[in-house]
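This report goes through the fold, the surface and the charged contacts of one chain. Please look over the sequence and the structure before reading on.

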Amino acid sequence: MSYSAKELLEQRQIKVNPKRIDEVESRWKAIVEMRKNIQTTKLADADICLGHYQ
């Protein structure tokens, strides 16, 4: 089950300026997409990626 950023923030009682919620939602969707890519990446490729930033 996926939640919107607004739902997650409300559950944690975090207030966000209503003018910024669209930006927060957009960034949340990008993070969710990146996470999907990481979860489907081969382990060897993930190790290389993580090793680069150490």
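In which helix do Glu23 and Arg27 both lie, and how many residues apart are they? Both residues belong to helix H2, which covers residues 21-40. They are four residues apart, about one turn of the helix.

## Model and fold

The model is predicted. Its chain contains three helices and zero strands. Read from the N terminus, the order of elements is α-α-α.

## Surface

Of the 54 residues in the chain, 9% are buried. The accessible surface of the chain is about 5,300 Å², and carbon and sulfur atoms account for 55% of that area.

## Salt bridges

Two salt bridges turn up in a search of the whole structure. One joins Glu23 to Arg20, with 3.0 Å between the closest N and O atoms. Another joins the side chains of Glu23 and Arg27, with an N to O distance of 3.0 Å. Arg20, Glu23 and Arg27 are thus linked in a network of salt bridges.

## Exposure of the network

How exposed are the residues of this network? Glu23 has a relative accessible area of 31% and is partly exposed. Arg20 is also partly exposed, at 47%. Both values fall between the cut-offs of 20% for buried and 50% for exposed. Arg27 has a relative accessibility of 53%, so this residue counts as exposed, the cut-off being over 50%.

Note on methods
Residues are numbered from 1 along each chain as its sequence is written. This is a predicted model: local features need pLDDT of at least 70, side-chain atom pairs count only at pLDDT 80 or more; totals for chains, interfaces and linings use all residues. Side-chain values use heavy atoms; hydrogens and water are left out. Helices (H or I, at least four residues) and strands (E, at least two) are DSSP runs, numbered from the N terminus. Buried means under 20% relative accessible area, exposed over 50%, partly exposed in between (1.4 Å probe, protein chains only). Accessible areas come from the Shrake-Rupley method with a 1.4 Å probe; for residues, only the protein chains shown count as cover. A salt bridge is a side-chain nitrogen of Lys or Arg within 4 Å of a carboxyl oxygen of Asp or Glu.
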